[in-house]
Amino acid sequence: MNQEVANEFSKQIMYRMDESSRMIRLSFDQLTEEDIWKRPNGNSNSVGNLILHLCGNITQYAIASLGNKQDKRQRDTEFEAKEGYLKKELLEKLTHTVDKAKDTIQNVSVSELLREREVQGFVFSGIGILIHVAEHYSYHTGQIAFWTKQLKDKKSLGFYDGINLNIKN
């Protein structure tokens, strides 16, 4: 893999992360403080839990593993929380985490993209880590959007307002 390909790959991963962040912000705009910690049922997670989980996962994979820093994640606490952060604080925490991850991604070398390492018992190359980060972020963004639609009884959250999605290639 050459540096040009590595740069383009990293650029696309960061674009996907920015898209998830944008969609989460639009969802947050429609939620109240009380909505943030509501759970669909006792076995499900609130939006607040999902944000804490995303911060933990992005930190563990992109910042600690890819950035060769100590992994201090305490995964279970992400799901145990039932309060403790305001909506604004959660969004700031997510934004800060994503920004730190993007700084790491922008500075990753080709050798680090190709090097394998173990995270959560799985073995991934740096490329595998970045694919995981983007798809995991997107997956939970979808859950946040779905739960927001349920809470607010909305068909659309405005993710693509002003964009003609019927344009052909």
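What follows is a conversation about a predicted model and the reasons behind the words used for it.

Reader: Let's start with the overall picture. What makes up the secondary structure of the protein?

Author: Seven helices and two strands. Reading from the N terminus, the order is α-α-α-α-α-α-β-β-α.

Reader: Why is the protein called as compact as a globular protein of its length?

Author: Set the radius of gyration, 17 Å, against the 15 Å that the globule rule gives for 169 residues; the two are close, so the word fits. For the dimensions, the C-alpha trace spans about 50 × 45 × 25 Å along its principal axes. As for the interior, 45% of the 169 residues count as buried.

Reader: How do you know how much of the contact in the chain joins distant positions?

Author: Take the contacts with a separation of 6 or more: residues 24 or more positions apart account for 76% of them.

Reader: And what is on the outside?

Author: The protein exposes about 9800 Å², and carbon and sulfur atoms supply 49% of that. On the charge side, there are 23 positive and 23 negative charges, and their mean positions are 3 Å apart.

Reader: Now valine 47. Why does valine 47 count as buried?

Author: The cut-off for buried is under 20% relative accessible area. Valine 47 comes in at 0%, so buried it is. This residue is found in helix 3, which covers residues 47–65.

Reader: Which residues does valine 47 touch, leaving out those up to four places away in sequence?

Author: Phe28, Leu31, Ile36, Lys38, Ile144 and Trp147. There is also a C-alpha to C-alpha distance to quote: tryptophan 37 is 10 residues away from valine 47 in sequence and 6.2 Å away in space.

Reader: Leu31 was in that list. Is leucine 31 buried or exposed?

Author: Buried: its relative accessible area is 3%, and the limit is under 20%. Leucine 31 sits in the loop between helix 1 (3–29) and helix 2 (33–36). Its C-alpha is 9.6 Å from that of valine 47, with the two positions 16 residues apart along the chain. Beyond four places in sequence, leucine 31 touches Ile36, Val47, Lys87, Thr148, Leu151 and Lys152.

Reader: On to the strands. How do you know that strand 1 and strand 2 pair?

Author: Pairing takes at least two bridges, and these strands have four, in the antiparallel sense. Strand 2 covers residues 122–125. Arginine 117 stands opposite phenylalanine 124 in strand 2. The two strands form a hairpin with two residues between them, and glutamine 120 in the turn has a positive phi of about 55°.

Reader: What makes the side chains of strand 1 alternate in your description?

Author: In a regular strand the side chains alternate between the two faces of the sheet. Strand 1 (residues 116–119) does just that: Arg117 and Val119 point to one face and are buried, while Glu116 and Glu118 point to the other and are not.

Reader: Why is a positive phi worth a mention?

Author: Because most residues other than glycine have a negative phi. Asparagine 68 has a positive one, near 55°, and so does aspartate 153, near 50°.

Reader: Why is asparagine 68 called partly exposed, but aspartate 153 exposed?

Author: Exposed means over 50%, and partly exposed runs from there down to the buried limit of 20%. Asparagine 68 has 48%, so partly exposed; aspartate 153 has 71%, so exposed. Asparagine 68 is placed in the loop between helix 3 and helix 4 (75–80), while aspartate 153 is in the segment after helix 7 (126–152).

Methods. Residues numbered from 1 in each chain as written. Predicted model: local features only at pLDDT ≥ 70, side-chain atom pairs only at ≥ 80, totals over all residues. Heavy atoms only, no water. Buried < 20%, exposed > 50% of the residue type's maximum accessible area, 1.4 Å probe, protein only. Contact = heavy atoms within 4.5 Å. Rg over C-alpha atoms; globule rule 2.2 N^0.38 Å. Areas by Shrake-Rupley, 256 points an atom, 1.4 Å probe, with all protein chains shown as cover. Lys, Arg positive; Asp, Glu negative; His and termini not counted. Charge placed at Lys NZ, Arg CZ, Asp CG, Glu CD.
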